[in-house]
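Here is a short tour for anyone who likes to read a structure through its contacts. Have the viewer open and follow along, section by section.

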Amino acid sequence: MTGHIRPITAVAIIFFLVCAVAPLFVASWATLFALILAKGIVVLGIVLLLQAGQVSFGHAMFFAIGAYTAAFWSKYIGGGDILLFLALAGITSALFGLIVGLFVVRYREIFFGMLNLAFSMVLWSLLEKMFHYTNGADGIRVPRPPVLGYSFTPETFQYVILYMSLVIAVATFYGVQRYLDSPLGHMLRAIKSNETRLEYLGMSARRVLLVGYVISAFLGGIGGTLVAIIQQIATPEFGFWTKSGEFVFIAILGGGAHAFGAFAGAAMFECVRFYAAAHLADSWQLILGIVLIVIILYAPNGLIGLRQRYGQAKQGGH
Amino acid sequence: MAKVLLSAKGIEIRFGGVVAADGIDLDVLEGENLAIIGPNGAGKTTFLNVSTGYLRPRAGTVTFLGQNITAQLPRTITKLGIARAFQIPQLFLDQTVMENMLIAAASRRGHPSGFHALSSLPEVPEMERLLDLVGVKSYAERKARELPEGQRKLVDIALALALKPKLLLMDEPTSGVASSEKLEIMDILTSALAREKVTSVFVEHDMDMVERYAHRVAVWNVGKIQKVGTPAEVLADPKVREQVIGI
C-alpha cells in the first residue's frame, strides 16, 4: 500500500522544487507556475470528490466566489492584503460550499454533477446580469494587493505570488493527503464502493460527503483568489460551465487516484496552453483535445496512472 | 424468563401483490441464538430489513430494548446496538480488509478524525483479533475485492462484530463458505457470541446448522410465522418437514 505512494510523493517533492527554482532562471515561468499551482489547488478539490465517485460539473462557482471575494473587496472597500483575501475567500467559499452542499450531497453521480452545474450557472447569471455591482461581463479589476503591508513592483510581485501559491499548494496537498488517509477520508472513499454498509456501520454517508464537499469548495475558493490576483481580474467567466469542465478535464488528465494528479494535470494543461497558444493562436484547444483523446485511450487513469502502470510492470505485472 | 431484546408486533408489508409480512409477531430473547427458516420468498430477509430500518412496514411496530425503532434510519438503529451481516457481503471493495475493519472501528467511536491516519487507531489489535476469530487474518492487507466469496462473507460478519452490537442479525452466515469449514466457523462464531453476550438472529437453510446452533427456531411461510419452538420441536413437526424442509 505505502509502496505505491512513496514514489509519487517523491515525484511531488521534485515537482514542487522545480516550481520553486525554475522560475528564478526564466522570469516568464513565474506567472505560468503560479497559475499551475493555483489551478492545481482547485483541482485538488475535484480529485477529492472523485474519491467518493462523484464528479462536480459546477466547481467553478467556488473558484468564482474566491475570485470575486478579492474583487469586491478591492472595488467596494479598497486596499486589503493578500492574506486577508485568502482568509476571506476560504471562509466565504467554505460557507457557500456548506449551503450548496446541503442540497447536492443528497444526490449521486449524474444528478450530483448536474445539480452542481445548475447552482454554478445561477451564480454565473447573477455575476453577468447584476451589472451595477459586478460590471457584468467586463469583470472587476483586482489591483496588485500588498502582503502584510508591503507593496511590490510587478517584477517582484510575480515571485511573491508564485511562492505564496507554492506554500499554499504544498500545505493543501499535504492536508488533503492526510485527510484521505484518515478515517473520514476512508469513509469518503467508502461512499464510492458501498454506501449501504457505511450506513449500517452507523455513519451518515451524506454527512461524510458534506465534509468532503466543503473542503473541496474551500480549495476552489483559495485557488480562485490566487488566479484573480495573478491575472488581476475577476470575470463571470471564472464561474462559467466551461471553467468547471476545465477543472474536471485537468483532474482526468492528471488522474484521480492520488492527490498529486491535480498538480500533474494542471502542469500538463497550462504548459500545453502556454506553448500551443503561442504557436497556434486560436487552435490550442485542438491540441488539448488530442491530448485528452490520447490520455483516455492509452492512460485511462491519467498521468498518475501511467506511473503506477510502469511501476507494476517493473514488479512483474499484475 | 429471559428479557425481550427485540420485539416485532403485527408487522405487515407488501411488494405489489406479494405479501412479504402478514402480521409477524416475534420476540427475540436476550442471549439466545434464534434461527429463521422457511422456503424462498417467505419473507425472512424482509424481516431483517424491517428490523434494521431498511424497509418501512405498512403496519406494526418493532421495539428494541423497549424503544420504538419502527422506520428509524439504519444508522440510528445500528447506533442503538443492532448490527447486520448480509446475505451478499457488503464490503468496501476498494479498500483492504483491515481498512474495512478500521472504518467500522472509527464508526463505533463516532466523530471520525479527518487528520489522523486510519492505521493509527488504537483499535488495530482488536480488529486483528476479530479477523483472526473468523479466520481471515491472513487476508488483512488484501483488497476486499480480491477475496473469494466465502472469505468476504466472513469479513462481513467481522465488520458487524466490530461494532460490539447487543444484537447481531445474520442472513445465511455460512452460505458460500466451503462446507468443510462451515462447522468450524459456526463453532467459533457462536462461542464468541456467547462470550461477548451478543444475541443473534440468523436466517439459515441448512437444517444441520439450525439443529446444532439455534436455541429457538422460527418458521416463516408466506409472510407468516408458522411455528416457533426449540429445534427438536420444530424439526419434528410433520407440517414443517413437509412444507419447509421438503421431506
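## A starting point in chain A

Which residues does A:Ala262 touch, not counting residues up to four places away in sequence? In this predicted model, the partners are A:Gly40, A:Val43, A:Leu44, A:Val47, A:Ala251 and A:Gly254. A:Ala262 itself sits in helix H12 of chain A, which covers residues 260-280. A:Ala262 counts as buried because it has 35 C-beta neighbours inside 10 Å, and 20 or more are needed for that label. For a distance to check in your viewer, take A:Ala262 and A:Gly45: they are 217 residues apart along the chain, yet their C-alpha atoms are separated by 8.5 Å.

A second residue to select is A:Val227, in helix H10 of chain A (residues 205-231). A:Val227 is buried too, since 24 other C-beta atoms lie within 10 Å. Leaving aside neighbours within four places in sequence, A:Val227 is in contact with A:Leu35, A:Ala38 and A:Ala67. The C-alpha atoms of A:Val227 and A:Thr31 are separated by 9.9 Å, with their positions 196 residues apart along the chain.

## The largest nonpolar core

A:Leu44, one of the contacts of A:Ala262, turns up again here. The largest nonpolar core has 179 residues, and A:Leu44, B:Met101 and B:Ala158 are those with the most contacts inside it. Helix H2 of chain A (residues 29-51) gives this core its largest share, 17 residues. Domain 1 and domain 2 of chain B each supply at least three residues to this core as well.

On the chain B side, B:Met101 is a good residue to centre on. Not counting residues up to four places away in sequence, B:Met101 touches B:Met127, B:Leu130, B:Leu131, B:Ala158, B:Leu159 and B:Ala162. That list includes B:Ala158, which is itself among the residues with the most contacts inside the core.

## Chain B as a whole

How many helices and strands are there in chain B? The count is nine helices and ten strands. The C-alpha trace of chain B spans about 55 × 40 × 40 Å along its principal axes. The radius of gyration of chain B is 18 Å, which agrees with the value near 18 Å for a compact globule with 247 residues.

Of the 247 residues of chain B, 44% count as buried. Among its contacts between residues at least 6 apart in sequence, 66% join residues at least 24 apart.

## A covered strand

Strand E3 of chain B (residues 33-37) is mostly covered, with five of its five residues buried. B:Asn33, B:Ala35 and B:Ile37 point one way from E3(B), while B:Leu34 and B:Ile36 point the other way, and all are buried.

E3(B) is joined by four bridges to strand E8 of chain B (residues 199-203), and the two run parallel. Within that pairing, B:Asn33 has B:Ser200 of E8(B) as its bridge partner. Four bridges also join E3(B) to strand E9 of chain B (residues 216-221), again in parallel. There, B:Ile37 is matched with B:Val219 of E9(B).

## Two domains in chain B

Chain B is divided into domain 1 (1-81 + 166-247) and domain 2 (91-164). Their C-alpha centres lie 25 Å apart. Where the two domains of chain B touch, eleven residues of domain 1 are in contact with ten residues of domain 2. On the domain 1 side, strand E7 (167-171) and helix H6 (179-195) of chain B are the elements that give two or more residues. H6(B) gives the most, with four residues. By class, this domain 1 side has nine nonpolar, two polar and no charged residues.

## Where chain A meets chain B

Between the chains, 24 residues of chain A are in contact with 25 residues of chain B. On the chain A side, helix H7 (154-181), helix H8 (183-193) and helix H9 (195-200) each supply at least two residues. Which helix provides the largest share of the side of chain A that touches chain B? The answer is H8(A), with nine residues. By class, this side of chain A has ten nonpolar, eight polar and six charged residues.

Definitions and conventions: Residues are numbered from 1 along each chain as its sequence is written. Chains are lettered from A and ligands numbered from 1 in the order in which they are written. This is a predicted model: local features need pLDDT of at least 70, side-chain atom pairs count only at pLDDT 80 or more; totals for chains, interfaces and linings use all residues. Domain bounds come from an automatic or database domain assignment. Two residues are in contact if their C-beta atoms, placed from the backbone, lie within 7 Å. Ala, Val, Leu, Ile, Met, Phe, Trp, Tyr, Cys and Pro count as nonpolar, Asp, Glu, Lys and Arg as charged, and the others, Gly among them, as polar. A nonpolar core is a set of buried Ala, Val, Leu, Ile, Met, Phe, Trp, Tyr and Cys residues joined through C-beta atoms within 7 Å. A residue is buried if 20 or more other C-beta atoms lie within 10 Å of its own, exposed if 12 or fewer, and partly exposed in between; C-beta atoms are placed from the backbone. Two strands pair if DSSP finds at least two bridges between them. The radius of gyration is taken over C-alpha atoms; the globule rule is 2.2 Å times the number of residues to the power 0.38.
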